[in-house]
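Hi,

Here is the structure I said I would pass on. Have a look at it first, and then read my notes underneath.

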Amino acid sequence: MGNKFFTSPLTVGVVVEPRYLEQRQPAGLCAELRRRGHEAVVIDPDAVCRVGSGDWLSGVDVIVPRGRSLTLLGLVELAERRGLPVVNGRSAIASVHNKLDMAVALVAAGIPTPPTFAASLERLAHAVPAG
């Protein structure tokens, strides 16, 4: 099947934490990219050693991160600072680290949310109604 959006194949760097390698994704993503004529390069964030080195970005047209480790976030930020397109950038991934920050942002934007509580686990266990 041809690609109707791009005139030439892309090299997609899939930055993936090793714990995700056995899951359906990113394997499915890589397979579909290849089926559509693109190259999918799996990049292990733990294998990139030198901070600030962009060698791992050589030849990559776009980055797709899969994971949320601090190492992965740092690499995604480096790619963004170098102007490389990133699907689900650093700020989007970082937002899942703090559920309270996300709840505050949703409430501030007027988006309906379920009741959300903030306190220590011990206090929450005694203060928040069950169910």
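Below is what I found, going from the whole chain down to three residues.

Keep in mind that this is a predicted model. The protein chain has five helices and three strands, and from the N terminus on they come in the order β-α-β-β-α-α-α-α. With a radius of gyration of 19 Å, where the globule rule gives 14 Å for 131 residues, the chain is well over the expected value and so more spread out than a compact globule. The C-alpha trace spans about 55 × 35 × 30 Å along its principal axes.

On burial, 27% of the 131 residues are buried. The accessible surface adds up to about 9000 Å², and carbon and sulfur atoms account for 57% of that. If you take the contacts between residues at least 6 apart in sequence, 62% of them join residues at least 24 apart. As for charge, there are 14 positive and 12 negative side chains, and the centres of those two sets lie 5 Å apart.

Now the residues I looked at one by one.

His38 sits in the loop between helix H1 (24–35) and strand S2 (39–43). Its relative accessibility is 10%, and because buried means under 20%, His38 counts as buried. A polar atom of its side chain lies 2.8 Å from the backbone nitrogen of Leu10.

Val41 is in strand S2. What does Val41 touch, leaving aside residues up to four places away in sequence? The list is Thr11, Val12, Gly13 and Val14. For Val14, the C-alpha atom is 5.9 Å from that of Val41, although the two residues are 27 apart along the chain. Val41 has a relative accessible area of 28%, so it falls in the partly exposed class, which lies between the 20% and 50% cut-offs.

Ser53 belongs to the loop between S2 and strand S3 (62–66). Is Ser53 buried or exposed? At a relative accessible area of 10%, Ser53 is buried. Its side chain reaches the backbone nitrogen of Asp55 at 3.3 Å. Beyond residues up to four places away in sequence, Ser53 touches Leu78 and Arg82.

To put the two loop residues side by side: His38 is buried, with its side chain in reach of the backbone nitrogen of Leu10 at 2.8 Å, and Ser53 is buried, with its side chain at 3.3 Å from the backbone nitrogen of Asp55.

Cheers

Note on methods
Residues are numbered from 1 along each chain as its sequence is written. This is a predicted model: local features need pLDDT of at least 70, side-chain atom pairs count only at pLDDT 80 or more; totals for chains, interfaces and linings use all residues. Side-chain values use heavy atoms; hydrogens and water are left out. Helices (H or I, at least four residues) and strands (E, at least two) are DSSP runs, numbered from the N terminus. The radius of gyration is taken over C-alpha atoms; the globule rule is 2.2 Å times the number of residues to the power 0.38. Buried means under 20% relative accessible area, exposed over 50%, partly exposed in between (1.4 Å probe, protein chains only). Contact means heavy atoms within 4.5 Å. Accessible areas come from the Shrake-Rupley method with a 1.4 Å probe; for residues, only the protein chains shown count as cover. Lys and Arg count as positive and Asp and Glu as negative; His and the chain ends are not counted. The place of a charge is taken as NZ of Lys, CZ of Arg, CG of Asp or CD of Glu. A polar contact is a pair of N or O atoms within 3.5 Å; within protein, one must be able to donate a hydrogen and the other to accept it, and residues adjacent in sequence count only if both atoms are side-chain atoms.
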